[in-house]
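Dear colleague,

I am passing on the structure we spoke about, and my notes on it follow below. Please read them with the model open beside you.

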Amino acid sequence: MQKVKSGIELARKKAKISEADLAGRMKIDDSVLKGWEVGAGSMQITTLLKLAEILNASTDMLLFSEEREPLSLGQLKEEDRKIVINFYKKLLNE
């Protein structure tokens, strides 16, 4: 039976970055990264975003080992579009 690779591991290999190099860039111990790659432990959202930036990967890829279609506001009904825009504006003001 083949082991399912984590999204972090897949993204790291796609970016051609070694575990040691990524751990160094993240300023974490190699063992922490290895833990994340096997699904152990947890991380702060800011850490996830930094990891996504370094690996040039989406958070969906890192968390779920898949890329999802991005949300397009044009696909939403006008009422739903307004809800999303208002939510975004509230986030900017906080």
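K16 lies in the loop that runs between α1 and α2, and its phi is near 60°, a positive value in a residue other than glycine. Please keep in mind throughout that this is a predicted model, and that every value here was computed from it. Most residues other than glycine have a negative phi, which is the reason for singling this one out. K16 counts as exposed because its relative accessibility, at 75%, is over the 50% cut-off.

A second lysine can be described in similar terms: K27 is placed in the loop between α2 and α3, and phi of K27 is likewise near 60°, a positive value in a residue other than glycine. With a relative accessible area of 71%, K27 is exposed too.

As for the overall architecture, the protein chain contains six helices and zero strands, so that, read along the sequence, its pattern is α-α-α-α-α-α. Of the 94 residues in the protein chain, 22% are buried, and the accessible surface comes to about 7,200 Å², with 54% of that surface belonging to carbon and sulfur atoms. Among the contacts with a separation of 6 or more, 45% are between residues 24 or more positions apart.

Turning to the interior, the largest nonpolar core has 15 residues, of which L22, L51, L55 and L62 touch the most other members. The elements giving two or more residues to this core are α1 (7-14), α2 (19-26), α3 (30-37), α4 (45-55) and α5 (59-64), and the greatest contribution comes from α4, with four residues. If one sets aside the neighbours within four places in sequence, L62 is in contact with G7, I8, A11, L48, L51, A52, L55 and A57, and two of the residues in that list, L51 and L55, are named with L62 among those touching the most other core members.

L62 appears once more at the largest pocket, which has a volume of about 180 Å³. This pocket is lined by 13 residues, and those closest to its centre are I8, W36, M43, L62 and L63. Both α1 and α5 supply at least two residues of the lining, and by class the lining is made up of seven nonpolar and six polar residues, with no charged residues.

With best wishes

Technical notes. Residues numbered from 1 in each chain as written. Predicted model: local features only at pLDDT ≥ 70, side-chain atom pairs only at ≥ 80, totals over all residues. Heavy atoms only, no water. Buried < 20%, exposed > 50% of the residue type's maximum accessible area, 1.4 Å probe, protein only. Contact = heavy atoms within 4.5 Å. Areas by Shrake-Rupley, 256 points an atom, 1.4 Å probe, with all protein chains shown as cover. Core = buried A, V, L, I, M, F, W, Y, C linked by side-chain atoms within 4.5 Å. 1 Å grid on protein atoms, 1.4 Å probe; cavity = no way out; pocket = protein on both sides within 12 Å on 5 of 7 lines; lining within 4 Å. Points joined across faces, edges and corners; volume = space filled by probe spheres on them. Nonpolar A, V, L, I, M, F, W, Y, C, P; charged D, E, K, R; others polar.
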